[in-house]
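Welcome, and please load the model in your viewer. Have a selection box ready, and we will go from the whole chain to one side chain.

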Amino acid sequence: ASAPDTEDLALAQERERVLSEAKALKDQAVAYLHPERPVVCEDPTLFGRNYFSRASAPEQEDSALAQEREHVLSEAKALKKLAVDYLHPEYPVATEDSTVFGRNYFGRASAPEQEDLALVHERELVLAEGKALKKLAVDYLHPEISVVTSDGAVSGRNFFNRPGAHIHDQMVHTFPAHEDDGHEDHHHMDHFGMDEDVDFMFDDMRDQFVAPTSALVKPDDSGEEGGNLSRSPSSVMLFTGESAYD
């Protein structure tokens, strides 16, 4: 009655087998989680090889290279997101945090004063027109300034001697009628024929003129009629048929 309880032999063997399997599983788990630990073996005939560097192993990438690739890909992804946000501001901001909120950068209280887009366009238009008007005014007031252009194919012509000008190949000359001006070229009168018209008019007046009767004219001592008449230069020119320009 005082003897200890004894196990069944079959049950004892089963318990030993379960414990040995659990120990082996523990060793495998430790070896898997800690590959840096060296393999401990008491059998000198045992040897091993690296699983990752075996001849039949697939090609492995260097750890540093793999980390650098991951870093580059993460930066490219971040840059792509920034580029999309910049080119498409109309896209809504997606977030999963309910406590996140935002405000308009341009409409914030501390933002500098912004101009209206229509006002900016109008100012640019006014400045462009003012610049064009200034250029036209300078060209008008300073015709001596040369025309500057960067186009080698541009050419120009003189406005006054173009074929379609109204006074093309015509010249107007005026000169004083003095006796010492006989050396002047008389062909200029072809373009300014006022004197010829005046002479023709006076010739008609001489032909139509009727001399006064002799009763009204008192002869002078020299025997010539009309010696005491007061004659103006114009009447002298009419009677004699001579002019200051002859």
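The tour below starts with confidence and ends at an arginine.

This is a predicted model, in which local features need pLDDT of at least 70, side-chain atom pairs count only at pLDDT 80 or more, and totals for chains, interfaces and linings use all residues. Numbering runs from 1 along each chain as its sequence is written, and side-chain values use heavy atoms, with hydrogens and water left out.

**Colour by confidence.** pLDDT is the predictor's confidence in each residue, from 0 to 100. The protein chain averages 76, and 67% of the residues score at least 70. Now select residues 186-193, where the pLDDT is below 50; this stretch has nine contacts (heavy atoms within 4.5 Å) beyond near neighbours in sequence. Next, select residues 237-246: pLDDT is under 50 here as well, and the model has 16 contacts beyond four places in sequence.

**Switch to cartoon.** You will find five helices and zero strands, where helices are DSSP runs of H or I with at least four residues and strands are runs of E with at least two.

**Show the surface.** How much of the chain is buried, meaning under 20% relative accessible area with a 1.4 Å probe and protein chains only? Buried residues make up 6% of the 246 residues.

**Zoom in on Arg54.** Select the loop between α1 (9-33) and α2 (63-87), where Arg54 lies. Arg54 is buried yet has no salt bridge (a side-chain nitrogen of Lys or Arg within 4 Å of a carboxyl oxygen of Asp or Glu). The nearest side chain of opposite charge, Glu59, is 14 Å away; Lys and Arg count as positive and Asp and Glu as negative, with His and the chain ends not counted. Finally, add Ser56: its side chain makes a polar contact with the side chain of Arg54 at 3.2 Å. A polar contact is a pair of N or O atoms within 3.5 Å; within protein, one must be able to donate a hydrogen and the other to accept it, and residues adjacent in sequence count only if both atoms are side-chain atoms.

Terms used
Buried means under 20% relative accessible area, exposed over 50%, partly exposed in between (1.4 Å probe, protein chains only).
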